[in-house]
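Student: I would like a close look at a single helix of this protein and at the contacts and salt bridges that surround it. Please give one connected account.

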Amino acid sequence: MSETSAADDPLADALLAARLFLIAPAALGGMTLRGGGPARDALLAALKSAGLTMRKLPAHVDDERLLGGVDIAASLAAGKAISQAGILTEAACARAALLVPMAERMPDALAGKLSQVFDCAGESAPNGLILLDDGIDPEEAPRLSLTERLAFQVDLSQSQFHGTAILPPASKGIPLSQVDTLSEEALTALTQTAAAFDIHTVRPLLFAQTTARAHASLFGRSEVSEQDLKAAVRLVLAPRALHLPQTSENEPEPPPETPKDQPQNDKSADNSDPGERDLDDILVEAAQAAIPADLLAQLTSGKAKRPAQGSGAGQKRKSALRGKPLGIRPGLPRGGARLALVDSLRAAVPWQPMRRRERVGAGGEDSGAIIMRKGDLRVKRFEERMGKVTIFCVDASGSAAAARLAEAKGAVELMLAQVYVTRSEVALVAFRGESAELLLPPTRSLTRARRALAELPGGGGTPLASGLNIAHELADMIAARGRTPSLVVLTDGRGNIAADGSPGRAQASEDAQAAAKAIHSAGYEGLVIDIAARPGPHAPELAKTMGARFLALPMADAKMLHKAISAATTANAQNTKTAA
């Protein structure tokens with residue numbers, strides 16, 4: 001890379017992190033590389049060219065292949081149990097790093113096993129871990145139990161690099177053992193910087209210390225300098241920031257100016273340097289400069305959350321027949337469960353000599369066949385993701401039609417196209433006049449959805465309670481069929497038609513609140529959008545009663561409305577999973 005591209009592209013810091021990782025792979029753990037493309041391929045190629053051996057971890061590896069176990073084919077041929085080494089052992093013997101593709105889809109059980117191996121195995125563990133994060137949404141991320149054990153979290157999704165990346169050798173480098181430990185001032189500055197960004201775990205601080213020493217080693221310094229600390233903060237602490245430092249509004253007043261007649265040889269005057277700043281302030285500024293602008297804005301507003309686990313496409317449930325494999329467990333193949341024949345044989349093979357001796361001792365004959373017991377049987381487990389259905393409940397009354405019904409239709413159509421791409425389903429409920437109507441049952445047909453939107457008229461009263469009741473009934477029906485419903489209500493919140501169709505704002509408001517409470521009690525995910533030109537208090541009250549998120553977007557077009565709905569839905573899913 002050229003100096004210009006290295007300064008502007010995130011690949012520059014990724015290459016620096018790779019060089020530091022090669023200096024102390026065991027102490028730094030490894031790297032998380034988010035975003036595919038030429039930049040990540042170039043970085044992996046650079047690591048290989050620098051001498052790092054990598055062993056790829058299959059997506060659906062079982063325990064025997066991961067940790068080692070019985071080689072079923074060799075055991076059957078030899079008539080005795082033959083052991084085989086697992087991938088982790090093979091990688092450790094070859095001093096290779098473990099490369100994990102699609103790490104954002106890794107099951108919790110596998111992440112737990114890897115975490116335990118890297119914590120306890122020592123020399124028998126692989127030479128580091130490299131997670132390839134191909135997630136697109138913010139909520140798609142590798143398991144926190146793994147990422148917190150890796151020093152570097154690199155985001156290459158915005159890289160514009162195309163070419164071949166090379167890790168330049170450190171000609172002036174010295175061994176890490178020759179670098180002094182950090183001073184008390186440096187340790188205090190790192191600790192205060194981590195606390196300022198709401199990082200309260202010990203591992204990032206340990207990684208930052210090792211990174212600072214490795215950076216000094218890379219450039220031939222036996223003592224850790226301010227430049228090394230800045231690099232450690234930028235590479236280790238900045239990607240983990242959860243909040244920006246809180247600045248006090250009532251800052252202390254500057255000290256009064258020194259009178260002209262005061263002696264100039266005062267000790268405090270000699271020791272004070274107006275250009276000198278605390279080290280922790282310098283490190284905080286370095287961390288802020290390394291945080292992307294969009295994430296910086298989220299941190300400023302306090303909206304940034306830890307990445308949730310999973311894709312958010314729908315809730316998960318255990319299944320005996322289909323879905324993502326979860327591994328094998330002892331059990332009988334009943335209730336539709338599938339027998340894992342190979343794993344059952346693998347469990348029975350080690351006991352064959354003992355069972356044959358028991359059979360011969362009891363007067364039986366040794367036929368050479370595999371002797372199976374009930375406890376040897378293994379069944380397969382699967383995890384099936386429940387389909388998600390987004391129910392759009394649209395206010396088509398006169399007040400909404402006069403305001404932004406056209407924008408609401410456009411936003412709903414954009415959302416329909418989005419959920420169509422994710423292979424989920426959509427439904428459309430409209431309320432106007434004296435009642436509500438299910439215009440579109442749950443479907444994946446984008447053509448039907450567009451036709452239903454085009455035929456949606458506007459005008460008349462606002463039977464808000466009826467619309468919410470219809471949406472609630474539909475959500476109950478969807479949940480009963482094993483799918484996950486979510487409600488998006490577009491309304492100004494000012495109902496004037498009661499649930500029985502009679503006019504009257506007072507009764508209409510009571511019925512709407514009762515319908516909203518019922519939705520909240522059912523626990524359905526919801527979002528209320530105020531589509532009035534001038535947002536009032538009615539829609540926020542409705543959202544609060546529903547237990548849903550609220551958005552007020554005056555003067556917004558369909559694209560802006562669609563972006564806001566997507567952002568709010570993602571944030572709601574993150575908050576729900578983080579709380580869980």
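Tutor: The protein chain exposes about 29,800 Å², of which carbon and sulfur atoms supply 52%. The model is a predicted one. Of the 580 residues in the chain, 43% count as buried, and the fold comprises 24 helices and 16 strands. Among contacts between residues at least 6 apart in sequence, 77% join residues at least 24 apart.

The helix chosen here is α8, residues 108-120. Its 13 residues reach 18 Å from the first C-alpha to the last, close to the 18 Å expected at 1.5 Å a residue. Its buried residues are Leu 110, Ala 111, Leu 114, Ser 115 and Val 117. Viewed down the axis of α8, these buried residues fall within an arc of 165°, so they line one face of the helix. The general background is that an α-helix has 3.6 residues a turn, so residues three or four places apart point the same way. The face of α8 turned away from the buried side carries the exposed residues Asp 108, Gln 116 and Cys 120.

The cover over the buried residues of α8 includes α5 (63-67), α7 (87-93), β5 (97-100) and α9 (144-147). One of these elements, α9, leads to the loop that joins β6 (129-133) to α9, where Pro 142 is found. Pro 142 has a relative accessible area of 6% and is therefore buried, the cut-off being under 20%. Between Pro 142 and Leu 132 there are 8.7 Å in space, C-alpha to C-alpha, for a separation of 10 residues in sequence.

Strand β6 also takes part in a salt bridge: the side chains of Asp 133 and Arg 34 meet at 2.5 Å, N to O. Asp 133 lies in β6 and Arg 34 in strand β1 (residues 30-34), so the pair ties together parts that are 99 residues apart in sequence. Both partners fall under the 20% cut-off for burial: Asp 133 has a relative accessible area of 3%, and Arg 34 is at 17%. A network of salt bridges links Asp 119, Glu 148, Arg 149 and Arg 203; Asp 119 falls within the residue range of α8.

Salt bridges elsewhere in the chain offer a comparison, the count being 19. The side chains of Arg 355 and Asp 376 meet at 2.6 Å, N to O. This pair links distant parts of the chain, with Arg 355 in helix α17 (residues 352-361) and Asp 376 in the loop between α17 and β10 (378-385), 21 residues apart. Arg 355 is buried at a relative accessible area of 9%, and Asp 376 is buried at 4%. Arg 373 forms a salt bridge with Glu 358, with the closest N and O atoms 3.6 Å apart. Here Arg 373 is in the loop between α17 and β10 and Glu 358 is in helix α17, 15 residues apart. These two residues are partly exposed, with Arg 373 at 39% relative accessibility and Glu 358 at 44%.

A nonpolar patch on the surface completes the account. Leu 339, Leu 341 and Val 342 form this patch, with about 260 Å² of accessible area together. Val 342 has its place in helix α16 (residues 341-348) and counts as partly exposed at 45% relative accessibility.

Methods. Residues numbered from 1 in each chain as written. Predicted model: local features only at pLDDT ≥ 70, side-chain atom pairs only at ≥ 80, totals over all residues. Heavy atoms only, no water. Helix = DSSP H or I, 4+ residues; strand = E, 2+ residues; numbered from the N terminus. Expected span 1.5 Å × (residues − 1). Buried < 20%, exposed > 50% of the residue type's maximum accessible area, 1.4 Å probe, protein only. Arc of directions from axis to C-beta. Contact = heavy atoms within 4.5 Å. Patch = residues over 30% accessible without salt bridge, like charges linked within 9 Å, V, L, I, M, F, W, Y side chains within 5 Å. Areas by Shrake-Rupley, 256 points an atom, 1.4 Å probe, with all protein chains shown as cover. Salt bridge = Lys/Arg side-chain N within 4 Å of Asp/Glu carboxyl O.
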